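Here is a short report on one protein model. Look over the sequence and the fold before reading on.

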Amino acid sequence: MTKIPITMFGNYSQKLISFAILMILFSCDKEVLQDSGNDENTNTPSDSSDTVQNNCTGETTNIGETYFLFDPDQTSKANRVVEEGDDRSNAFIQHDGGFVCTGTFNETSRFAGDGNLALYALDENLDLKWMFKKEKGEFYDVIATSDNHYVAVGRLEDKDVSTIYVVKTTEEGELTWQFEVNTGVDNDLGGYASTIIENPVEDGYLVFGKAVSGSDLFGFGNDSFILCLNSQGEQKWVKSIGNSAVPIDVIQTNEGNFILIQYDVDIIVSEITSAGQVIASKKFGSSKNDRANHILSLQDGNFLITGTTWGDDQDVSDNTGNSDAWLLVIDKHLNLVKEQTLGGYGYQSGVETFQRKNGTLFMYGNTSNSDFFIDSSWNDEWFVSLDSELCILNWYTSGLYSDRKASDLLYFEDENKVARFHDTNSEIYNNRPQMFYDHYIIWRYLKP
């Protein structure tokens with residue numbers, strides 16, 4: 001990935017100008033599309049002229065101040081997990097008072113894809129409890145199971161060949177079972193598993209993933225797949241999703257089906273039964289690239305998708321830079337209800353969003369090379385508080401001149417705190433040289 005240095009303003013008057021521009025940028029419009037019924041299997045991004053304008057003024061005196069988002073009177077905790085080379089974090093979960101984390105360790109260079117599996121647990125004090133065996137590969141997702149074990153999904157790497165890899169461990173990190181899909185065919189590059197969810201109907205798990213381009217792992221080319229494993233890690237069936245987009249997140253509905261989000265050049269949302277039947281699928285996006293990262297079930301029964309867009313047409317109402325964070329609300333029929341882009345000059349992305357008891361939203365993302373944040377760093381984490389209409393209430397970045405990438409976020413409603421998982425190369429943590437990236441976990445209390 002090419003890094004573009006941030007363009008900073010040189011004097012105070014220019015900063016004031018930037019802030020004024022910021023206020024204007026957030027006086028943006030959102031399109032609210034009317035429900036057109038259960039329009040299943042739409043193959044192109046939706047584009048309706050029947051819209052209702054909803055303005056976000058963005059007027060607030062709280063922008064950029066940490067104490068308007070986080071409680072300064074509560075103590076936070078943090079830990080940096082250090083290995084030898086570059087490390088990359090992916091998903092993490094909270095369980096048994098601590099955290100179970102995934103990613104990769106010891107890459108030869110950033111995003112080289114040649115690191116070791118990262119699966120490990122931290123206790124309530126963020127001290128290391130156990131670490132899974134180290135082999136070439138990467139874990140992308142992990143869940144805590146109903147029997148208090150963990151199942152992680154990802155890939156094993158042997159030169160250029162990728163093997164689908166699923167493991168179940170005990171609470172102490174001991175291997176219970178492992179499942180692998182290797183091509184066994186020359187010049188077939190294999191595939192990977194990217195996300196997982198328990199499947200109570202089948203007494204096991206639904207694993208979602210993708211075959212590498214040019215592969216034919218399961219007999220349906222490089223289509224993305226749904227793989228059903230029983231509780232012992234044995235394959236029951238595997239089916240094509242019907243496209244080659246990357247599966248990125250999945251949740252279960254109140255009716256027992258599953259909502260899967262994927263991305264290629266657009267965002268694809270599908271409703272899938274426990275038997276692997278795709279009963280509805282829709283695309284959302286622009287004429288440029290769009291990506292989904294997370295899906296959330298809202299208090300009103302709708303779903304919120306957090307992602308990123310590089311476009312400003314079709315389903316995307318606006319774009320004020322190279323890329324913006326993009327939030328979409330869809331109903332249970334997968335119809336677009338409303339959407340909002342968040343960003344300024346440069347690059348912003350949305351990683352995850354949760355909803356608080358009072359209905360407000362809290363988004364976690366990335367920002368870089370931007371005059372949108374007057375004091376943001378080269379690549380920084382980004383925290384945004386929004387109301388239920390997706391209008392910004394306030395935001396915060398650290399302003400530290402280091403390189404950091406947001407990976408995952410957890411919200412603890414009863415304790416009113418958040419835990420975040422990211423990569424950092426900042427030397428202020430453990431006095432480690434800035435040339436290396438490490439996993440970093442921190443939790444902080446939110447303002448009441």
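How many helices and strands does the secondary structure of the protein come to? The count is one helix and 30 strands. The model is predicted.

**Overall figures**

Some totals for the protein come next.

| Quantity | Value |
|---|---|
| Buried residues | 57% of the 448 residues |
| Contacts with a separation of 6 or more that join residues 24 or more positions apart | 53% |
| Exposed area of the protein | about 18,400 Å² |
| Part of that area from carbon and sulfur atoms | 46% |

**Nonpolar cores**

The largest nonpolar core holds 18 residues. Within this core, V166 and V207 have the most contacts. Six strands each supply at least two of its residues: β9 (150–158), β10 (161–169), β11 (175–181), β12 (191–199), β13 (204–211) and β14 (224–230).

What does V166 contact, leaving aside its neighbours within four places in sequence? The list is V151, A152, V153, W177, Q178, F179, V207 and L229. V207 thus appears twice in this account: as a contact of V166, and beside V166 as a residue with the most contacts inside the core.

A second core is separate and has 17 residues. Among them are F284, F303, I330 and L334.

**A four-stranded sheet**

One open sheet has four strands in the order β20-β21-β22-β23. The pairing is antiparallel. Why is one side of β20 and of β23 left without a neighbour in the sheet? β20 (290–297) and β23 (336–342) stand at the edges, and each has a single partner strand, so one side of each stays unpaired in the sheet. Neighbouring strands here are turned by 20° against each other on average, direction ignored.

β22 covers residues 324–330. Six bridges join β22 to β23, and the two strands run antiparallel. One bridge can be named: L327 has Q340 in β23 as its partner. I330, which belongs to the second core, falls in the range of β22.

**D408**

D408 sits in strand β28 (residues 404–412). Is D408 buried or exposed? With a relative accessible area of 9%, D408 falls under the 20% cut-off, so D408 counts as buried.

The side chain of D408 reaches the backbone nitrogen of F92 at 3.0 Å. F92 is also one of the residues that D408 touches, not counting residues up to four places away in sequence. The others in that list are N90, A91, V351, E352, Y364, A419, R420 and F421.

Methods:
Residues are numbered from 1 along each chain as its sequence is written. This is a predicted model: local features need pLDDT of at least 70, side-chain atom pairs count only at pLDDT 80 or more; totals for chains, interfaces and linings use all residues. Side-chain values use heavy atoms; hydrogens and water are left out. Two strands pair if DSSP finds at least two bridges between them. Axes are lines fitted to C-alpha atoms, for helices over the stretch in contact, and angles run from 0 to 180 degrees between N-to-C directions. A nonpolar core is a set of buried Ala, Val, Leu, Ile, Met, Phe, Trp, Tyr and Cys residues joined through side-chain atoms within 4.5 Å. Buried means under 20% relative accessible area, exposed over 50%, partly exposed in between (1.4 Å probe, protein chains only). Contact means heavy atoms within 4.5 Å. Accessible areas come from the Shrake-Rupley method with a 1.4 Å probe; for residues, only the protein chains shown count as cover. A polar contact is a pair of N or O atoms within 3.5 Å; within protein, one must be able to donate a hydrogen and the other to accept it, and residues adjacent in sequence count only if both atoms are side-chain atoms.
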